[in-house]
Amino acid sequence: MRFDLTEEQEMIREAARRFLENEAPISEIRASFETVDGFSRDIWRQQCELGWAALALAEQDGGLSEWDLRGRNLAIIAEELGRLVGAGPFASTAIVLDALAYAEEEAEAASLIERAVSGEAILAWAFGEEGGNWTPSHFTTRVQMEPGRLRLDGRKAYVEAGAQADILLVTALSDAGLVQVAVPVDMAGVTIRPCKSVDFVRRFAEVTFEDVCLPASALITGPARGAAQVERQVQLALLLQCSETNGVLDRAFDFTIEYMCERVAFGRVIASFQALKHRLADLMVILQSSQATTDAALDAFDRADPDAGRLARIAKGYVAGHATDFLSDLIQLTGGIGVTWEYDLHIYGRRAALNRALFDTPERHRIAAFAQARA
Amino acid sequence: MSENPHMESLEDFAIRARAWISANLPPVSNEPRTRDEQLAIGRVLQAKIFDAGFAGIAVPKCYGGAGLTLEHQRVWAEEVVGYAIPDYFKVSVGMMMPTVLDCGTEAVKQRHIPRILRGDEIWIQLLSEPSGGSDLAGALTRAEASEGGYRVNGSKMWSSGAKHADYGLCLARVDWDVPKHQGLIMLIVDLKAPGVDIHPIMSAQGGLAHFCMEYLDDVIVPEEYRLGGETEGWTVAQRLLFHERNGIAGVGYGQGYGGSNGGGGGSSQWRLDLSPIVRDSGLALDDPAYAALLADDYVETIVSEQLEARVDIGMRSGKLQGQWASLVKLDMGISNPRNAERAIAIAGADGVIWSDDRGGDAALHWLAVRGGSIAGGSNEIQRNIVSERLMNLPREPNLDKNTPFGEVIRRVKR
């Protein structure tokens with residue numbers, strides 16, 4: 001958590017933490033494991049009443065955030081969700097709302113925004129494609145722009161809440177460049193196939209579009225702004241993911257240390273052994289560095305800094321590059337109980353592993369960041 | 001410090017300082033210089049700053065300072081960013097001078113503080129010994145009362161720039177029959193006095209390091225050159241370390257150098273930019289064998305800077321205590337050797353066999369880099385501080401805390 005939160009941000013954080021601890025504690029997450037959807041629409045509606053979705057929008061767009069605090073406000077919620085490995089379509093809703101806030105004038109965005117902000121409609125972002133393809137220029141999903149209407153063909157993978165959503169925002173290539181279209185899930189030609197994931201409660205789907213015919217008002221992002229808007233959404237996705245992972249690391253670190261301060265071996269609490277203390281100190285460096293790099297990137301995002309993309313990739317490259325190993329080390333430090341189903345560490349590890357791969361790997365992001373720095 | 005209604009406001013001071021700085025100080029230069037050249041240039045600059053009333057901004061006027069506050073000093077530190085500052089005096093002015101100001105006798109303060117501030121005298125610390133660096137309170141150097149003062153015997157090590165220095169703050173043992181922290185004394189040793197023998201240390205890279213080793217053989221120190229009481233050496237040492245930390249964090253009496261570089265010498269000193277090595281070796285920056293190494297190094301470099309900035313903000317806002325500098329130091333102590341490993345990996349043969357005009361940087365860097373992980377508190381000491389002070393984990397058992405030090409020595413040697 002950053003040291004320069006405003007008073008209002010402290011309140012946002014406090015309210016989010018209280019809500020999650022009371023309404024969605026880890027026992028609820030465990031209970032949701034067996035459910036198809038992984039989250040409760042009722043809880044999501046309550047979270048929307050707290051303003052979580054509206055934080056994605058600036059005040060002048062009917063939202064709750066100051067124009068240049070949107071990223072940082074959303075990151076507070078993401079971090080709190082990470083602390084309790086929370087469920088729900090928070091990130092996908094925030095990302096799609098950002099696209100809707102910048103929608104084409106002819107687009108039918110206003111009613112979508114209203115339904116999404118109240119929690120009535122669930123929004124999902126259909127972005128990546130199979131084979132771990134997160135590079136828009138390599139996408140095979142196409143939009144044909146015809147007079148008065150659009151035709152969508154292709155296949156999207158790793159769509160979070162794809163089987164739970166009401167509306168999909170699909171990123172696709174057109175002859176004129178990258179575009180995004182809003183697709184109600186019940187359109188003819190849309191087939192949704194749920195997938196399995198390592199995470200306890202986050203659900204994903206593959207979505208196939210076969211000659212889906214859409215009105216012209218479904219065009220949310222036109223080709224003129226396509227590449228820039230999609231890049232903005234990718235940055236936001238990476239930063240919310242890093243913030244969530246930071247919450248995961250922070251909380252898991254805390255309860256591991258608590259356990260180590262109680263567990264006794266050879267007549268001492270195990271947290272007093274220098275061999276273990278030194279490993280915890282090294283993990284502390286990683287934890288603080290993860291927060292530092294995420295916060296620096298969020299600042300740049302909110303300033304719309306030209307370096308925001310590079311800094312977001314540095315953050316992803318660092319945070320995701322360390323997170324699974326960090327959790328793995330916590331399991332080792334905990335000992336046998338750390339590998340049991342009943343102990344919570346694996347739920348945190350699952351979330352770190354998911355976030356590592358989603359929106360591409362840290363290895364690729366580090367290469368991309370270095371390439372951007374040289375350019 | 002009580003509020004003096006006649007004291008110059010921070011805003012007025014900033015304007016005055018800015019005007020003087022821009023008219024009188026040269027911009028930062030990257031020209032490579034030897035230590036001797038740095039010292040010669042530094043002395044001229046320091047005298048100029050002193051004569052204009054900007055050395056010792058928070059030091060009382062009776063000792064040659066400006067009689068203002070540490071807040072004014074901080075304003076100065078911000079204003080001089082980008083200008084050449086006599087780096088040579090950061091220990092002398094920033095760390096030794098305030099310790100003398102806190103603990104020195106009146107006569108010593110009157111005599112020496114103006115000279116330190118002007119750069120006419122250089123003061124250093126004589127704390128570490130060949131037998132111990134991390135455990136400072138385990139000092140073996142011996143001080144015995146002799147007529148009008150003390151007779152000192154022993155050896156000190158890792159003192160920066162002792163070759164050019166005039167006085168050293170020396171931690172010595174005066175009583176061997178009490179536990180280790182209680183039997184220490186802090187003496188000001190005249191480094192030109194008979195019995196002081198200074199040897200520069202040859203570094204593993206070859207060439208003389210900035211560090212020295214000193215042999216003290218029946219060196220006489222007058223009583224008025226004692227800091228604090230006769231058995232208050234450890235209290236004075238902690239005061240010194242406090243000023244050292246503040247100096248490193250950029251919130252002390254120094255000129256503003258060091259900024260927030262977290263200690264152990266600035267981060268850049270211990271990191272090698274890998275791109276020129278790749279170019280010199282005729283490799284492509286996207287050579288698949290090295291692309292990931294280069295990208296990893298790039299990300300780690302940036303994230304270290306971001307961590308430093310985060311801790312700096314936390315300390316300035318008062319949400320983090322001074323010990324958090326240890327986290328930054330530990331990060332550097334871990335990541336800089338990784339940087340050196342990548343450098344020799346990428347440089348290949350040109351890193352280890354070179355001609356006069358190019359190559360060799362990687363090997364020399366690799367040979368030197370562990371200095372940064374050891375000097376100013378080793379990684380292992382930083383890990384103790386991080387785990388015990390930042391994270392409140394149980395402290396290491398102190399086997400020598402309550403036993404007379406002489407007995408500790410006998411017990412260990414048995």
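**Entry 1: the bend in α9**

The bend at a residue is the angle between two fitted axes, one for the seven residues ending there and one for the seven starting there. With that in hand, I looked at helix α9 of chain A, keeping in mind that this is a predicted model. I found a kink of about 30 degrees in α9(A), and its centre is A323(A).

I then checked the length. The helix runs through residues 308–334, which makes 27 residues. From first C-alpha to last it reaches 38 Å, close to the 39 Å expected at 1.5 Å a residue.

Is α9(A) mostly covered or mostly open? I looked up its burial and found it mostly covered, with 21 of its 27 residues buried. Just past the end of α9(A) sits G335(A), and there I noted a positive phi of about 85 degrees.

**Entry 2: the cores**

Next I went looking for nonpolar cores. As general background, nonpolar side chains tend to be buried together in soluble globular proteins. The largest core here has 154 residues. Which residues have the most contacts inside it? They are V181(A), L239(A) and A297(A). I also asked which element supplies the largest share of this core, and it is helix α7 of chain A (residues 226–262), with 14 residues.

A second core lies apart from that one and has 69 residues. I picked out some of its members in chain B, among them I57(B), A58(B), L126(B) and A139(B).

Back in the largest core, I followed A297(A) to its partners. Leaving out residues up to four places away in sequence, A297(A) touches L239(A), A308(A), L311(A), A312(A), I314(A) and A315(A). It was nice to meet L239(A) again, since it is also among the residues with the most contacts in the core.

**Entry 3: where the chains meet**

How many residues of each chain are in contact across the boundary? I noted 31 from chain A and 30 from chain B. On the chain A side, the elements giving two or more residues are α8 (274–302), α9 and α11 (362–374). Helix α8(A) gives the most, with 15 residues. I sorted that side of chain A by class and got 16 nonpolar, 8 polar and 7 charged residues.

**Entry 4: a stop at R16(B)**

I looked up R16(B) and found it in helix α1 of chain B, which covers residues 10–24. Is R16(B) buried, exposed or in between? A residue needs 20 or more C-beta neighbours within 10 Å to be buried, and 12 or fewer to be exposed. R16(B) has 16 inside 10 Å, so it counts as partly exposed. I also checked its distance to W76(B): the two are 60 residues apart in sequence, and their C-alpha atoms are 9.9 Å apart in space.

**Entry 5: each chain as a whole**

For chain A I noted 11 helices and 10 strands. Its C-alpha trace spans about 80 × 45 × 40 Å along the principal axes. The radius of gyration is 21 Å, which agrees with the value near 21 Å for a compact globule of 375 residues. Of those residues, 54% count as buried.

For chain B I noted 14 helices and 8 strands. Its C-alpha atoms fill a box of roughly 70 × 65 × 45 Å along the principal axes. The radius of gyration is 23 Å, in agreement with the value near 22 Å for a compact globule of 414 residues. Buried residues make up 44% of chain B.

Notes
Residues are numbered from 1 along each chain as its sequence is written. Chains are lettered from A and ligands numbered from 1 in the order in which they are written. Helices (H or I, at least four residues) and strands (E, at least two) are DSSP runs, numbered from the N terminus. The expected span of a helix is 1.5 Å times one less than its number of residues. A nonpolar core is a set of buried Ala, Val, Leu, Ile, Met, Phe, Trp, Tyr and Cys residues joined through C-beta atoms within 7 Å. Two residues are in contact if their C-beta atoms, placed from the backbone, lie within 7 Å. Ala, Val, Leu, Ile, Met, Phe, Trp, Tyr, Cys and Pro count as nonpolar, Asp, Glu, Lys and Arg as charged, and the others, Gly among them, as polar. The radius of gyration is taken over C-alpha atoms; the globule rule is 2.2 Å times the number of residues to the power 0.38.
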